Amino acid sequence: LAPMLSFSLGYGTGYYETNVDDTGKIISFNKQLKDNASTSVGVNLRIPIFQAWSSRSNIKQKKIALLQAENSFELEKQELRKIIEQLIQDYTSSISEYEQTQQQEKARELSFKIAQKKYSNGLINAIDLNTEKNLYATAQNENLQVELKLKVQEQTLLFYRGIQVFNIKKTNKK
């Protein structure tokens, strides 16, 4: 954006096998280096008259792009925080749901055992026994599903905490 002053110095020389003197002999290496020597001095002043406006504009655009990137980063952090908070809420509700399904499974197991005793004493028919068995199996299935969901949520929370979840070993194959 500001004017720039630069200064340069130069020294050059050369040797050519085709350079010959009046007698036809090749001029010696040292003599050619001295005779062919040249020096240069340069001063350059650069005043950005037209380019300064575009440079200023580019700087302002880059600053705006940086602010937009920082804003996007903050939005992503907020979105991630929202996801994690929702996951924590889901996890705590899944714990309660798991406890309920465990109690329901125990109740259905007890009900099935009572139905088996009633069936062996002839107090209920096979259809009622089968219904109790199906209700018990459904309770077991629901409990298992909630337990698996709880484990997945737990592992996801561990992942977000930065704890290694997957034990993948890298091997160097050569």
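1. Salt bridges first: a search of the whole structure, which is a predicted model, turns up four of them. Three are worth walking through here, including one that links two helices.

2. Let's start with glutamate 74 and lysine 77, whose side chains meet in a salt bridge with an N to O distance of 3.4 Å. Both residues sit in helix 2 (residues 51-120), and because they are three residues apart there, about one helical turn separates them. As for accessibility, lysine 77 is partly exposed at a relative accessible area of 37%, and glutamate 74 is partly exposed at 37% as well.

3. Further along helix 2, glutamate 109 and lysine 113 pair up through their side chains, with 3.6 Å from N to O. Here the spacing is four residues, so the two are again separated by about one helical turn. Glutamate 109 has a relative accessible area of 28%, which makes it partly exposed; lysine 113, at 45%, is also partly exposed.

4. Now for the pair that reaches between helices. Which residue does lysine 149 bridge to? Its partner is glutamate 97, and the closest N and O atoms of the two are 3.2 Å apart. Lysine 149 belongs to helix 3 (residues 126-160) and glutamate 97 to helix 2, so this salt bridge ties together parts that lie 52 residues apart in sequence.

5. Is that linking pair buried or exposed? Neither label fits: lysine 149 is partly exposed, with 37% relative accessible area, and glutamate 97 is partly exposed too, with 30%. When you look at the model, follow glutamate 97 in helix 2 across to lysine 149 in helix 3.

Definitions and conventions. Residues are numbered from 1 along each chain as its sequence is written. This is a predicted model: local features need pLDDT of at least 70, side-chain atom pairs count only at pLDDT 80 or more; totals for chains, interfaces and linings use all residues. Side-chain values use heavy atoms; hydrogens and water are left out. A salt bridge is a side-chain nitrogen of Lys or Arg within 4 Å of a carboxyl oxygen of Asp or Glu. Buried means under 20% relative accessible area, exposed over 50%, partly exposed in between (1.4 Å probe, protein chains only).
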